[in-house]
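Good morning, and thank you for making time for this item. I would ask you to look at the sequence and the structure on the screen while I go through them.

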Amino acid sequence: MTNIKFNDYLYDNLKAPEYQRKWLRQAVVEYINNGNYEQIFSDLEDVIKANTTITEYAQKVNMDRVQLTKILRGKTKAPNLATINRIISGLGLNYELKCEITLQPKSA
């Protein structure tokens, strides 16, 4: 019987784009359920590390490696959407935000 380390198994699977999408989709569901946005960034870090190093990825998306690491490890409070877009787009992934606003008429 061969022993495989979990991270080796995970990173091998995360090289497949479909698995990446499922992995990150689950992170978003967890965020919706418990409000922990740090899990999304932790899972993004897993996807990045499965395909390259953090240093190489930071160069690819034109970000400072230290800044990127802080974001991925939850050490930065709520990064802005432009930064999130840069990180996600660098993986070749897209996301869609939907916002529905319902206006209530003012009562007299």
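I begin with the surroundings of a single acidic residue. Setting aside residues up to four places away in sequence, Glu45 touches Ile54, Leu72 and Arg73. Glu45 is part of helix H3. Its relative accessibility is 8%, so Glu45 counts as buried, the limit being under 20%. Please bear in mind that this is a predicted model.

One of those partners, Leu72, leads to the nonpolar core. The largest such core has 24 residues, and those touching the most other members are Leu44, Ile48, Tyr57, Leu68, Leu72, Ile87 and Leu91. Which helices supply at least two residues each of this core? They are H1 (6–13), H2 (17–34), H3 (37–51), H4 (54–60), H5 (65–72) and H6 (81–89). H3 provides the largest share, with 6 residues. As background, nonpolar side chains in soluble globular proteins tend to be buried together.

Tyr57 deserves a closer look. Beyond its neighbours within four places in sequence, Tyr57 is in contact with Ile48, Thr52, Leu68, Arg86, Ile87, Gly90 and Leu91. Among these partners, Ile48, Leu68, Ile87 and Leu91 are also listed with Tyr57 as the core members that touch the most others.

Next, the loop between H4 and H5. Met63 lies in this loop, and so does Asn62. Is each of them buried or exposed? Asn62 has a relative accessible area of 64%, which is over the 50% limit, so Asn62 is exposed. Met63, by contrast, has a relative accessible area of 9% and is therefore buried. Met63 touches Ala58, Leu68, Ile71, Thr83, Arg86 and Ile87, again not counting residues up to four places away in sequence. The C-alpha atoms of Met63 and Asn51 are separated by 17 Å, with their positions 12 residues apart along the chain. The backbone of Asn62 should also be noted: its phi is positive, at about 55°, although Asn62 is not a glycine. In general, most residues other than glycine have a negative phi.

A second loop, the one between H1 and H2, contains Leu14. With a relative accessibility of 0%, Leu14 counts as buried. Its contacts, leaving aside neighbours within four places in sequence, are Tyr19, Gln20, Trp23, Asp46, Val47, Ala50 and Asn51. Leu14 and Val47 are 33 residues apart along the chain, and their C-alpha atoms are separated by 5.8 Å.

Two of the contacts of Leu14, namely Tyr19 and Trp23, bring me to the aromatic rings. How many aromatic pairs does a search of the whole structure find? The search finds 1. In that pair, the ring centres of Tyr19 and Trp23 are 6.4 Å apart and the planes are at 20°, so the pair is stacked, the limit for stacking being under 30 degrees. Both residues lie in helix H2, 4 residues apart, which is about one turn of the helix. Tyr19 has 31% relative accessibility and counts as partly exposed. Trp23 is likewise partly exposed, with a relative accessible area of 22%.

I turn finally to empty space. Rolling a probe the size of a water molecule over the atoms shows where such space is left. The largest pocket has a volume of about 720 Å³. Its lining consists of 22 residues, and Val28, Ile40, Ile84, Ile88 and Tyr95 lie nearest its centre. By class, the lining has 17 nonpolar, 1 polar and 4 charged residues. H2, H3 and H6 each supply at least two residues of this lining. Which helix gives the most to the lining? H2 does, with 7 residues.

From that group near the centre, let me take Ile40, which is found in helix H3. Ile40 has 19% relative accessibility and counts as buried, because the limit is under 20%. Leaving aside neighbours within four places in sequence, Ile40 is in contact with Leu24, Ala27, Val28 and Tyr31. Val28 is thus a contact of Ile40, and Val28 is also listed among the lining residues nearest the centre of the pocket. Ile40 and Glu18 are 22 residues apart in sequence, and from C-alpha to C-alpha they are 17 Å apart in space.

Terms used: Residues are numbered from 1 along each chain as its sequence is written. This is a predicted model: local features need pLDDT of at least 70, side-chain atom pairs count only at pLDDT 80 or more; totals for chains, interfaces and linings use all residues. Side-chain values use heavy atoms; hydrogens and water are left out. A nonpolar core is a set of buried Ala, Val, Leu, Ile, Met, Phe, Trp, Tyr and Cys residues joined through side-chain atoms within 4.5 Å. Buried means under 20% relative accessible area, exposed over 50%, partly exposed in between (1.4 Å probe, protein chains only). Contact means heavy atoms within 4.5 Å. Rings of Phe, Tyr and Trp (its six-membered ring) pair if their centres lie within 6.5 Å; planes under 30 degrees apart count as stacked, over 60 as edge-to-face and the rest as tilted. On a 1 Å grid over the protein atoms alone, a cavity is a set of points where a 1.4 Å probe fits but cannot get out, and a pocket is an open set with protein on both sides within 12 Å along at least five of seven lines; lining residues have an atom within 4 Å of a point. Grid points are joined across faces, edges and corners, and a volume is the space filled by probe spheres set on the points. Ala, Val, Leu, Ile, Met, Phe, Trp, Tyr, Cys and Pro count as nonpolar, Asp, Glu, Lys and Arg as charged, and the others, Gly among them, as polar.
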